[in-house]
Amino acid sequence: MCLNHDNIQQNPSHFEGSPQELALATNVQENFMDYIKDLKFFDPHIHMTSRTTDDYQALADAGVVAIIEPAFWLGQPRTGLATFKDYYSSLIGWERFRSSQFGIKHYCTIGLNSREANNEALAEQVMEILPLYLYKEGVVGVGEIGFDDQTAAEEKYYRLQLELAKEAGLPVQIHTPHRDKKKGTERSMAIALEHGIDPGMVIIDHNNEETVKSVLDQGFWAAFTIYPFTKMGNERMVEIVKQYGSKQIMINSAADWGISDPLAVPKTAALMKIKGISSEDIHMVTYKNAIDAFAQSGQIKVEDFENPQEIDQSQTFNGNTILRGGQQPRIDKNAIVIR
Ligand SMILES: [Zn+2]
């Protein structure tokens, strides 16, 4: 009885932390957000389908005003055409609505990912339906397409989709492989050029120190994914911008169902600021270049996200809302009590 009572008495002070602990925690929080106050960000590669509403809220709080969600592999191979259809529909429908409920403008790119191009029977069917989605509002490119294992089937569907992009006048968002990256990147660019595509319409993604020079030299956009462990860390990214400047370069989180960080873009902006990169260069690589590249689709109006709009979380999409069972819109994130 007495012990329990003591515990209850002690718990609140333990929960609040010692003054030093508290100061440290506050500083960590303040440091990150302090450096990016009043900055706006555009993340041109993030898979929100795999993320939660907490992530949307965190993106909005950190100044991310617009995003692009490329169509990709969902971690498990699809077994039929209907699931591709539903996925593409969700990218231009429900997911866009969910994003709007946090004041974030959502765009997408539509394509058959390289991994699933290897299921040729299904790939043939997917090719048939792609044009139905590529011309929809808010679709800013064909993507993410390219090479994974660099097989013949991957090349076949990459080439076919380059032709679709050309026909639709859309930018192309290219996923470069993890294995044999340099070779895969060079091959992706050579094939795009072979199809007569202007390199200024092509965003080569997941670059690193090995690929960046050739991509920039050939006039393509160079995108970098800040992704823990497997791709780039943001300290390496700072060095790349120091060396190459900000022209044609953009960064993204590629946050997905894996261990990834949806705040990679604002956090890298903060680190760049600390490391002395100019505000102009930060603006280019975390915002403007991505807009310039994908606005060539004719689908991006900056007014849509540069002038903040009222968020009404009681809105619905086909009768559905992000609120559950009579929940009140827009909860205070810092409140301890969860209702
Ligand atoms: Zn991706």
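# A guided tour from strand 5 outward

Select strand 5, residues 172–175, and display the side chains: Val-172 and Ile-174 point one way, Gln-173 and His-175 point the other way, and all are buried. The model on the screen is a predicted one, and strand 5 serves here as the starting point.

**The neighbours of strand 5**

Next, add strand 4, residues 139–146. Strand 4 and strand 5 run parallel and are joined by four bridges. Within this pairing, Ile-145 has Ile-174 of strand 5 as its bridge partner. To follow the chain between the two strands, select helix 7, residues 152–168; strand 4, helix 7 and strand 5 form a right-handed β-α-β unit.

Now turn to strand 6, residues 202–204, which pairs with strand 5 in the parallel sense over three bridges. Ile-174 stands opposite Ile-204 of strand 6. The connection is made by helix 8, residues 181–194, and strand 5, helix 8 and strand 6 make a right-handed β-α-β unit.

**The nonpolar core**

Keep strands 5 and 6 displayed and select Ile-110, Val-172, Val-202, Ile-204 and Trp-221. The largest nonpolar core has 79 residues, and these five touch the most other members. Helix 12, residues 279–294, supplies the largest share of this core, with seven residues. As a general matter, nonpolar side chains in soluble globular proteins tend to be buried together.

Which residues are in contact with Val-202, leaving aside its neighbours within four places in sequence? Select Pro-171, Val-172, Ile-174, Ala-192, Ile-197, Phe-220 and Trp-221 to see them.

**The whole sheet**

Zoom out and colour by secondary structure. The protein has 13 helices and eight strands. An open sheet of eight strands has the order 1-2-3-4-5-6-7-8, and its pairing is parallel. Strand 1, residues 41–43, and strand 8, residues 249–252, stand at the edges; each has a single partner strand, so one side of each is left without a neighbour in the sheet. Ignoring direction, neighbouring strands of this sheet are turned by 25° against each other on average.

**From the edge inward: strands 1, 2 and 3**

Select strand 1 together with strand 2, residues 64–70. Three bridges join these two strands, which run parallel, and Phe-41 has Val-64 in strand 2 as its bridge partner.

Why is strand 2 described as largely enclosed by the rest of the structure? Seven of its seven residues are buried, so the surrounding structure largely encloses strand 2. The chain reaches strand 2 from strand 1 through helix 3, residues 53–61, in a right-handed β-α-β crossover.

On adding strand 3, residues 105–110, one finds that strand 2 and strand 3 pair in the parallel sense over five bridges. Pro-70 stands opposite Thr-109 of strand 3. Then display helix 4, residues 81–92, which lies across strand 2, strand 3 and strand 4 and runs at about 150° to strand 3.

**A loop residue: Phe-72**

Select Phe-72, in the loop between strand 2 and helix 4. Is this loop residue buried or exposed? Phe-72 is buried, because 24 other C-beta atoms lie within 10 Å, and the cut-off for a buried residue is 20 or more. Not counting residues up to four places away in sequence, Phe-72 touches His-47, Asn-113 and Glu-144. A distance label can also be drawn from Phe-72 to Glu-116: these residues are 44 apart along the chain, and their C-alpha atoms are separated by 9.1 Å.

**Helix 11**

Move to helix 11, residues 264–274. Helix 11 is mostly covered, with eight of its eleven residues buried. To highlight the buried residues, select Ala-264, Val-265, Pro-266, Thr-268, Ala-269, Ala-270, Leu-271 and Met-272. After helix 11 comes Gly-276, which has a positive phi, near 85°.

**The overall view and its confidence**

Finally, display the entire chain. Of the 339 residues in the protein, buried residues make up 38%. Among contacts with a separation of 6 or more, 73% are accounted for by residues 24 or more positions apart.

Colour the model by pLDDT to end the tour. The mean pLDDT of the protein is 89, and 86% of its residues reach 70 or more. Where does pLDDT stay under 50? Select residues 1–29, for which the model has three contacts beyond four places in sequence.

Definitions and conventions:
Residues are numbered from 1 along each chain as its sequence is written. This is a predicted model: local features need pLDDT of at least 70, side-chain atom pairs count only at pLDDT 80 or more; totals for chains, interfaces and linings use all residues. A residue is buried if 20 or more other C-beta atoms lie within 10 Å of its own, exposed if 12 or fewer, and partly exposed in between; C-beta atoms are placed from the backbone. Two strands pair if DSSP finds at least two bridges between them. A crossover is right-handed if, with the strands pointing away from the viewer, the path from the first strand over the helix to the second runs clockwise. A nonpolar core is a set of buried Ala, Val, Leu, Ile, Met, Phe, Trp, Tyr and Cys residues joined through C-beta atoms within 7 Å. Two residues are in contact if their C-beta atoms, placed from the backbone, lie within 7 Å. Axes are lines fitted to C-alpha atoms, for helices over the stretch in contact, and angles run from 0 to 180 degrees between N-to-C directions. pLDDT is the predictor's confidence in each residue, from 0 to 100.
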